[in-house]
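Please look over the structure shown below before reading on. The report that follows takes up a helix, a sheet, the cysteines and the chain as a whole.

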Amino acid sequence: MGQAAGRRVALLDFDLQFGTCGIYLDLAGQASLADLIASPERLDRSLLQGAMTRHKSGLDVLLAPAAIMPMDSVSPEFAGACIEIARQSYDVVIVDLPCVWTGWSYEVLQRSDLLMLVTQLSVASVRHTGRQMETLRAQGLDSVPLKLVLNRHEGGWGLGRSAHGKDAEKALGRPFDHQIADNYRLVSEALNRGVGLAAIERRSKVERDVEAMFNDVAEKLAASAAKDTAATV
């Protein structure tokens, strides 16, 4: 990731209240999203770059605020400007959004080339995912490509399982695009230590699943970019 293949990648943590990207990547910076919110009139490429924290992989991360901030601290105009400036500065921009619907989160979603909706196999998770998909349609965002990801998926289903993969797909009206294996011990240790999965266990099933997912995403984005370039020539 990061500078791999010569591409510049940015991760923007827009979870104003409970953002964890910095924690999971073992990053600590003096600047964060809060600094940009404090001076929206000064927002430009230079200010955005100054607020970024560099990960050892080459990934640039805009950390979430250290203190909890009201969700309305961000305006739709600010969110839209921040995304567009980031797109001018980086080849790939990943935005981590909170699980809330606001005017500014809608602004981020409608400017996206691809949405990733992650869920788990529980009745509550599947129902919440269905509601989110319905909200995307109601807000006119169904034209934005969507990848549905089943996280913490176990290969077999034994007695007492709360849901079944096929039943979940039927309830959602579409199949899962990706399934990420369940390995709570490995993932938890990696997150707690702020390291990649491979630093603890190389070529685990969960690592291979995540790698396959992001390879697919990269191909999707490359195809979309090539189509846009062809349309403007």
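## Helix 4 and its surroundings

In this predicted model, helix 4, which covers residues 76–89, is built from 14 residues and reaches 20 Å from its first C-alpha to its last, close to the 20 Å expected at 1.5 Å a residue. Its buried residues are Phe78, Ala79, Gly80, Cys82, Ile83, Ile85, Ala86 and Ser89. As general background, an α-helix has 3.6 residues a turn, so residues three or four places apart point the same way.

The cover over the buried residues of helix 4 comes from several elements, including strand 1 (9–13) and strand 4 (92–96), together with helix 2 (33–38), helix 3 (45–51) and helix 5 (103–110).

## The four-stranded sheet

Strand 1 and strand 4, which help to cover helix 4, also belong to an open sheet of four strands, arranged in the order 2-3-1-4 with mixed pairing. Strand 2 (53–54) and strand 4 stand at the edges of this sheet, and because each has a single partner strand, one side of each is left without a neighbour in the sheet.

The pairing of strand 1 with strand 4 is parallel and runs over five bridges; within the sheet, Asp13 stands opposite Asp96 of strand 4.

## Cysteines without disulfides

A search of the whole structure finds zero disulfides. For Cys21, the closest cysteine sulfur is that of Cys99, and no bond is possible in the model because the two sulfurs are 12 Å apart, which is too far. Cys99 is likewise in no disulfide, its nearest cysteine sulfur being that of Cys21 at 12 Å.

The surroundings of these two residues can also be described: Cys21, at 11% relative accessibility, counts as buried, whereas Cys99, at 76% relative accessibility, counts as exposed.

## The chain as a whole

The protein chain contains nine helices and seven strands. Its radius of gyration is 18 Å, close to the 17 Å that the globule rule gives for 233 residues, so the chain is as compact as a globular protein of that length. Along its principal axes, the C-alpha trace spans about 55 × 40 × 40 Å.

Buried residues make up 39% of the 233 residues, and of the contacts in the chain with a separation of 6 or more, 74% are between residues 24 or more positions apart. The chain exposes about 13100 Å², of which carbon and sulfur atoms supply 52%.

How values were computed. Residues are numbered from 1 along each chain as its sequence is written. This is a predicted model: local features need pLDDT of at least 70, side-chain atom pairs count only at pLDDT 80 or more; totals for chains, interfaces and linings use all residues. Side-chain values use heavy atoms; hydrogens and water are left out. Helices (H or I, at least four residues) and strands (E, at least two) are DSSP runs, numbered from the N terminus. The expected span of a helix is 1.5 Å times one less than its number of residues. Buried means under 20% relative accessible area, exposed over 50%, partly exposed in between (1.4 Å probe, protein chains only). Contact means heavy atoms within 4.5 Å. A disulfide is a pair of cysteine sulfur atoms within 2.5 Å. The radius of gyration is taken over C-alpha atoms; the globule rule is 2.2 Å times the number of residues to the power 0.38. Accessible areas come from the Shrake-Rupley method with a 1.4 Å probe; for residues, only the protein chains shown count as cover. Two strands pair if DSSP finds at least two bridges between them.
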